[in-house]
Amino acid sequence: MNNREAIQSLLQQVRHTEESPLIADEEAIAAEYEKSHNDQSLGIKILSIFGGLLASVLFLGALGITGLYDSTEGLLLFGTLFIGGAILASRLTDHIIVDTASVSAYLLGLVLLGAGLGSVKFTEFTICTIISLIAIGALCIVRDYIFSFISVLIVHGCISWLTMFKGAPGIAGMLYIALLSVILLLVYLKEAKLIADRTILSLVYRPVRAGLLVAFLSGLAMLNTTKYSYLFPRISWLASVVITGCIIWLIALLTKNLQLKPFYRIGIYILCLIILAPTALAPGIAGGLLVILLGFLVNDKAAFVLGIVAFIYFVSRYYYDLNFTLLTKSILLFSSGIVFLLLYLFTHKKLTAHEEV
C-alpha cells in the first residue's frame, strides 16, 4: 500500500467480500496513512530527546549560577512553568523538534518541582504522589508517544521508590511487581477491546503498553540489585507465585489454540510448575518467561526480544548466586537444557501437525 490507488483497491476488495455495504472515509484513511509514514522513527526521537536533555543540563547549570536553587519560590515557579509549557507545546504540535524540547522541559520541570517541594519539607510520599498525579494528568492530555511513554515510567519510578527503597519495602515491593505483572498481562490480552473502546487509554495504548513492559522488567531488575533475595528471602516467592499464575494462564490460551488434548495440557502445566518451582526466590526468571510468552502470543517482536534478553540475564544471575559447586551447576544446566529441548520438539511437532490439518 504505497499510494492512494492502493488504498482504494484494498477497500474495493473488502467491499466485495462483505455482505453488508462498507462505508469508509477514503480521504481520512489516506491522510492518516500518510501521516504515519511521515513520522520520525522512535530511535530518532529518542536520540533527539537525549540531545535536548544535554542542552537542558547546560541550562540548569546556568540557572544554578543565577542562584535559583537557593530560592524555593524560584524552583516551584520554574518547575511549574516548564511542566505547563511542555504539556501545552506537545498538545498543540507534533513536530519532532518541538517534541524534543517539550519532553526535555517536562523532565526538567519535574526535577525542579521535586526539589522545590523537598525544600518546603514535604515528605517523600507527598512529593512522589504529586509528581505521579502530574504524570497521570499529562498522560491523559498529551498524545505524543515519547511523552506518554516517559509519563508511565515516571509513575513507575515514584511507586518503585516508595515500595522498594523506603520504609519497609519487602512485602510492598513484591506485591507491586506482582500487581504489575497482572496489569501487563491484561493490557496485552485485552488489546483489541482497549483500542476499540475509544477511551483515553485507546489513544495512548502503544506507549502505555511499552512503558508497562519496561517498568515490569526494570522492577524485576531492581529486585535483584536491591538485595531482595538476601534481605527478604521468605517473601520473594510472593511475586513468583503471581507471575507463575499469569504464565499458566497464557499457556492455557496457547494450548487451547493448538487444540491439544486435556492430558497433554495438564502435562504441560505440571512441567511448567516443576521448572519454575526451584526459581521461586528469583521472580525475574518467571517474569522474563512471561514477557517472552506475551510477545509470542500477540506477535510483539520488541517484547519477545526483550523477554529473551531479560530471561538470559536473570537465569545467569540465578546460576551464579547458587551456593552449589560448579559440577552441580553444570548438571542443573544440562538437565534444564534437555527439558527445554524436549518441550520444543513436542510443541514443534504439534504446531506442524496443526498447520497440516
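A residue is called exposed when its relative accessible area is over 50%, and buried when that area is under 20%. The legends below use these words for a predicted model.

**View 1. The loop between α15 and α16, with asparagine 299.** Asparagine 299 sits in the loop that joins α15 (283-298) to α16 (301-321). Although asparagine 299 is not a glycine, its phi is positive, at about 60°. The relative accessibility of asparagine 299 is 61%, and because this value lies over the 50% cut-off, the residue counts as exposed.

**View 2. The loop between α5 and α6, with lysine 121.** Lysine 121 belongs to the loop that follows α5 (96-119) and precedes α6 (124-141). Here too a residue that is not a glycine has a positive phi, which for lysine 121 is about 70°. With a relative accessibility of 71%, lysine 121 is likewise over 50% and therefore counts as exposed.

**View 3. The whole chain, as the setting for both loops.** The predicted chain contains 17 helices and 0 strands, and α5, α6, α15 and α16 are among these helices. Of the 357 residues in the chain, 37% are buried, whereas lysine 121 and asparagine 299 are exposed. Among the contacts in the chain with a separation of 6 or more, 69% are made by residues 24 or more positions apart. The accessible surface of the chain amounts to about 20,600 Å², and carbon and sulfur atoms contribute 70% of this area.

Note on methods. Residues are numbered from 1 along each chain as its sequence is written. This is a predicted model: local features need pLDDT of at least 70, side-chain atom pairs count only at pLDDT 80 or more; totals for chains, interfaces and linings use all residues. Side-chain values use heavy atoms; hydrogens and water are left out. Helices (H or I, at least four residues) and strands (E, at least two) are DSSP runs, numbered from the N terminus. Buried means under 20% relative accessible area, exposed over 50%, partly exposed in between (1.4 Å probe, protein chains only). Contact means heavy atoms within 4.5 Å. Accessible areas come from the Shrake-Rupley method with a 1.4 Å probe; for residues, only the protein chains shown count as cover.
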